[in-house]
Amino acid sequence: LQRKLRSIWSISLLILLSRYKDRHLHMSVFSQSFSPCGRFLAAGNNYGEIAVFSLSSALSPDATDLSQTPILTFTAHEGPVFSLFSTDSHLLSAGNGEISAWSWAELIKRNTKAAWTRRPNYKSSLEIPEINAMTVNPTENSLVIGGGDNNIHIMDLESGVFKSVLQGHTDYIHCLSVREREGEILSGGEDGAVRIWDHRTGQSVHCIEVYKYEECARPQYGKWISCLTTESDWMLCGGGPSLSLWHLRSMSPTSIFPLSGCQRQANFYQDMILSVGEGQCVSHCLLGGEVKAQIPCTPHSLNTLALNLNSTDNRVRVLTVGGSSHQIDVFTNLSYRTFSLSF
Amino acid sequence: MGAVTDDEVIRKRLLIDGDGAGDDRRINVLLKSFTKWCNSTGSPEEGFTQYQRMLGTLAQCEFSMGKTLLVYDMNLREMENYEKIYTDIEQNITSAHDKISECKKEIQRAKRIRKNRQEYDALAKVIQQHPDRHETLKQLEALDKELQQLSHIKENVEDKLELRKKQFHVLLSTIQELQQTLESNNQKSVQ
């Protein structure tokens, strides 16, 4: 009997170990967010876990291997955490069709109790659509949520009430962006359309079908828009079609970037554009359409790119990228990967 | 208080023991030879030679003392020199820091300018694709003129057509009248 018990125990230990090994093999990082003070990074993965890393200790001169692991890992949702967003005090995470808020101060103290959890009003209660993108409209203090039910839900952050629903997309929404000055919300979806909404009237002001423009379209990849970002009068969008820079006033594409693979996230940074997607590199592009550099990184395919501009401390002004790997690459100098954080 | 200074003296003497052993020994030997010379009972020549020897040792002691004083002066001056260099380097460091921050600001400004230029270029590219406004206006004017000319010609032709129509009408009606009169004349003549 004892021998049997021992063998059962050793087998279960082996299974546990292998599952742990496999866990890291199959992990994908989908979202990232920096704390308001800029000293911590939260990352969400496909198992529904959120890990909080201390950037200040990982970047300090006496950092060890341990400081490249999270100070806290917890399961936040039952489904993958596709989107993370930080407000001045809270970390908002979206997973399994609901949004949870965690106080940053509590997370730093390793307290994983959610401040609140809310769910938008979905029409059908049978299937829970995922939430792919979240962003905050600062002028209205509202949270804009784009999800799998093809609609954009707007929630007031103070009261928690879901104020309005923007309908118009014919397929699920991948990405969102807010133009504060003009009071517009931009959304890109699987249906290949980039819609511009006026947040007051809730009407779709413009609809750009990127795949219909010959110079951008890549029919071999599809028409979906997976990355969208705006800065004053300019917009970057890409996905199935090539990553392209658009001038919003004239609604015309000005530059097309010759990047192979579908881009999943792009940012404007100083005079450059940083873009990640399929492909084991971070692409640096100039506004004119040239690809200046492609910096190699660990994950084979990247999902998220985040720039830490919150802190005034120059030490923590880093770029972090995550993708189909349990490792998150940290760049202190944009030209090369400095080290990797491990989930 | 006396004990402290004694300790210090002892410490200092132990520290400079390297050279001091020679000098110290020399002074002790001098003192011993002096007392021996004072109590000497030998010949005056011996006494004189001992005296000369003592003067020699004294000179040696003075020489080494002079050397140490010079070294001390040199050290002091070296210290001053180093202090000066130190303050100079510190100033250089702070000015370099300032220059670095200035350059950083410059780089930010240059990046912004470059970005604006690139945006301008991107827009210019798009605008260039559209035809020139003057050209289009000129083309429009030319087309307008052509249109006017053609309508003029059309009017003229139409007028001519009307005129010819009327003339033919008149001709035909006169012919018909003549026919009728001829017929009626024929009928009258037959009757």
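## Non-glycine residues with positive phi

In this predicted model, A:Ser232 is partly exposed, its relative accessible area being 40%. The residue is found in the loop that links strand 17 (225-231) to strand 18 (234-239) of chain A, and A:Ser232 adopts a positive phi of about 40° although it is not a glycine.

A second case is A:Asn141, a non-glycine residue whose phi is positive at about 50°. A:Asn141 belongs to the loop between strand 9 and strand 10 (142-147) of chain A, and with a relative accessibility of 31% this asparagine counts as partly exposed.

## The sheet of strands 9 to 12

The loop that holds A:Asn141 leads into an open sheet of four strands in chain A, arranged in the order 9-10-11-12 with antiparallel pairing. The edges of this sheet are formed by strand 9 (131-137) and strand 12 (162-167) of chain A, each of which pairs on one side only. From one strand to the next, the twist averages 20°.

Within the sheet, strand 11 (residues 151-156) of chain A runs antiparallel to strand 12 of chain A, and five bridges join the two. In this pairing A:Ile152 stands opposite A:Leu166, a residue of strand 12 of chain A. As a general matter, the strands of a sheet pair through backbone hydrogen bonds, in either the parallel or the antiparallel sense.

## The sheet of strands 25 to 28

Chain A also holds an open sheet of four strands in the order 25-26-27-28, again with antiparallel pairing. Strand 25 (302-307) and strand 28 (339-342) of chain A occupy the edges, and because each has a single partner strand, one side of each is left without a neighbour in the sheet. Neighbouring strands here are turned against each other by 25° on average, with direction ignored.

The edge strand 25 of chain A is joined to strand 26 (residues 319-323) of chain A through five bridges in the antiparallel sense. Across this pairing, A:Leu302 faces a glycine, since the residue standing opposite A:Leu302 in strand 26 of chain A is A:Gly323.

## The hairpin of strands 1 and 2

Strand 1 (residues 29-34) of chain A has five of its six residues buried, and the strand is therefore largely enclosed by the rest of the structure. Strand 1 of chain A pairs with strand 2 (residues 40-45) of chain A in the antiparallel sense, over five bridges, and A:Phe34 stands opposite A:Leu41 of strand 2 of chain A. Five residues lie between the strands of this hairpin, where A:Gly38 takes a positive phi near 85°.

Strand 2 of chain A also includes A:Asn45, which counts as buried because its relative accessibility is 0%. The side chain of A:Asn45 reaches two backbone nitrogens, that of A:Tyr47 at 3.0 Å and that of A:Glu49 at 2.9 Å. When neighbours within four places in sequence are left aside, A:Asn45 is in contact with A:Met27, A:Ser28, A:Val29, A:Phe30, A:Pro80, A:Val81 and A:Phe343.

## Cysteines without disulfides

The structure contains zero disulfides over all chains. For A:Cys207, the closest cysteine sulfur is that of A:Cys237, and the two sulfurs are 12 Å from each other, which is too far for a bond. A:Cys207 is partly exposed, since its relative accessibility is 37%.

A:Cys281 is likewise in no disulfide, the nearest cysteine sulfur being that of A:Cys297 at 6.5 Å, whereas a disulfide is counted for cysteine sulfur atoms within 2.5 Å. At 17% relative accessibility, A:Cys281 counts as buried, because the limit for that class is under 20% relative accessible area.

## The annotated coiled-coil region of chain B

For chain B, an unreviewed UniProt entry places the feature "coiled-coil region" at residues 133-167. In the model, residues 133-167 of chain B are 100% helix and 0% strand, and the end C-alpha atoms of this span lie 51 Å apart.

Conventions: Residues are numbered from 1 along each chain as its sequence is written. Chains are lettered from A and ligands numbered from 1 in the order in which they are written. This is a predicted model: local features need pLDDT of at least 70, side-chain atom pairs count only at pLDDT 80 or more; totals for chains, interfaces and linings use all residues. Side-chain values use heavy atoms; hydrogens and water are left out. Buried means under 20% relative accessible area, exposed over 50%, partly exposed in between (1.4 Å probe, protein chains only). Two strands pair if DSSP finds at least two bridges between them. UniProt positions are given in the numbering used here, feature names are shortened, and annotations may be inferred rather than shown by experiment. Axes are lines fitted to C-alpha atoms, for helices over the stretch in contact, and angles run from 0 to 180 degrees between N-to-C directions. A polar contact is a pair of N or O atoms within 3.5 Å; within protein, one must be able to donate a hydrogen and the other to accept it, and residues adjacent in sequence count only if both atoms are side-chain atoms. Contact means heavy atoms within 4.5 Å.
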